[in-house]
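Which charged side chains pair in this protein, and what surrounds one buried serine? The report below takes up the salt bridges and then turns to a loop residue.

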Amino acid sequence: MTSSGEEASFFGGGLYGNLAAAAVTLIYVKLVIAICDYGVSERILAPDVSRKLVHLAAASLMIWWPLFDETAPSWRLNIFVPAVFSIQLFVKGAILQNPDDPDVRTMSRTGKPVELLYGPLIFTIAMNINGLFLFNKSESVYCMAALGFGDGVAPLIGKRYPIQHYRCPGGVKSVGGSMAVFVASIFGFFFFQSILRFPETTEWTNIITMAVTAVIS
């Protein structure tokens, strides 16, 4: 684990400090979604690019973990945003189904509300699990590097530079996408590690295993 006391003291620590930290994560995510929604509506960003930018930003939510005081039970507020979004995505995708909703425009593949129930919802559930069971643990870096950066970058590169398709246990893949997920997963690992600085996470065997697993899954 990494110590969060010094960073959390910026907000005073304890319940109020963790509430403030949760507010920071909410503002961060809302700002990213607003920017991406504007980009899509103004045709500055393609919908698939917007979707993956939101995906990468959501995966990077853990960079704010040092703001949380893990000595207080309220450190679990680190999953406030993914928990709220899990409920929100379900309601918007299964019940409201408004195609003009900003979340639909920025996170769906083709503009259909039901698509919020697929990748976006599953990913937020994974973020909840990561924040509850791997909070301030080195394993979280491997998970979000592969799920966030690897899975986030691969479709963009694979779609534009497929090079060659092949079959693997995870289905039909492209060489371009597989190279992207491998490199992006490793980059994501070092990005998170440079901020969170967890001990004993630089074993290259683990790093390569993470990237290869992301490629074939």
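A salt bridge is here a side-chain nitrogen of Lys or Arg within 4 Å of a carboxyl oxygen of Asp or Glu. Side chains of opposite charge can pair when their charged atoms come close. The model is a predicted one, and by this rule its salt bridges come to three. They are set out in the table with the distance from N to O for each pair.

| Salt bridge | N to O distance |
|---|---|
| K92 and D101 | 3.1 Å |
| K92 and D103 | 2.9 Å |
| D37 and R105 | 2.8 Å |

**The network around K92**

K92 meets the side chain of D101 in a salt bridge and forms another salt bridge with D103, and the three residues K92, D101 and D103 are thereby linked in a network of salt bridges. K92 lies in helix α4, which spans residues 80-96, whereas D103 lies in helix α5, so this pair ties together parts that are 11 residues apart in sequence. Because buried means under 20% relative accessible area, K92 counts as buried at 17%, D101 counts as buried at 13%, and D103 counts as buried at 3%.

**The pair D37 and R105**

The salt bridge between D37 and R105 links distant parts of the chain, with D37 in helix α2 (residues 14-41) and R105 in helix α5, 68 residues apart. Which of these two partners is buried and which is partly exposed? D37 counts as buried at 13% relative accessibility, while R105, at 28% relative accessibility, counts as partly exposed.

**S108 in the loop after α5**

S108 lies in the loop between α5 (102-107) and α6 (119-133). Although S108 is a loop residue, its relative accessible area is 1%, and therefore S108 is buried. What does the side chain of S108 reach at 2.4 Å? At that distance the side chain of S108 reaches the backbone oxygen of V104, and the side chain of S108 also reaches the backbone nitrogen of G111, at 3.1 Å. When neighbours within four places in sequence are left aside, S108 is in contact with R51, D103, E115 and L116. One of these contacts, D103, is also a salt-bridge partner of K92, and through D103 the description of the loop residue returns to the network that includes K92 and D101.

Conventions:
Residues are numbered from 1 along each chain as its sequence is written. This is a predicted model: local features need pLDDT of at least 70, side-chain atom pairs count only at pLDDT 80 or more; totals for chains, interfaces and linings use all residues. Side-chain values use heavy atoms; hydrogens and water are left out. Helices (H or I, at least four residues) and strands (E, at least two) are DSSP runs, numbered from the N terminus. Buried means under 20% relative accessible area, exposed over 50%, partly exposed in between (1.4 Å probe, protein chains only). A polar contact is a pair of N or O atoms within 3.5 Å; within protein, one must be able to donate a hydrogen and the other to accept it, and residues adjacent in sequence count only if both atoms are side-chain atoms. Contact means heavy atoms within 4.5 Å.
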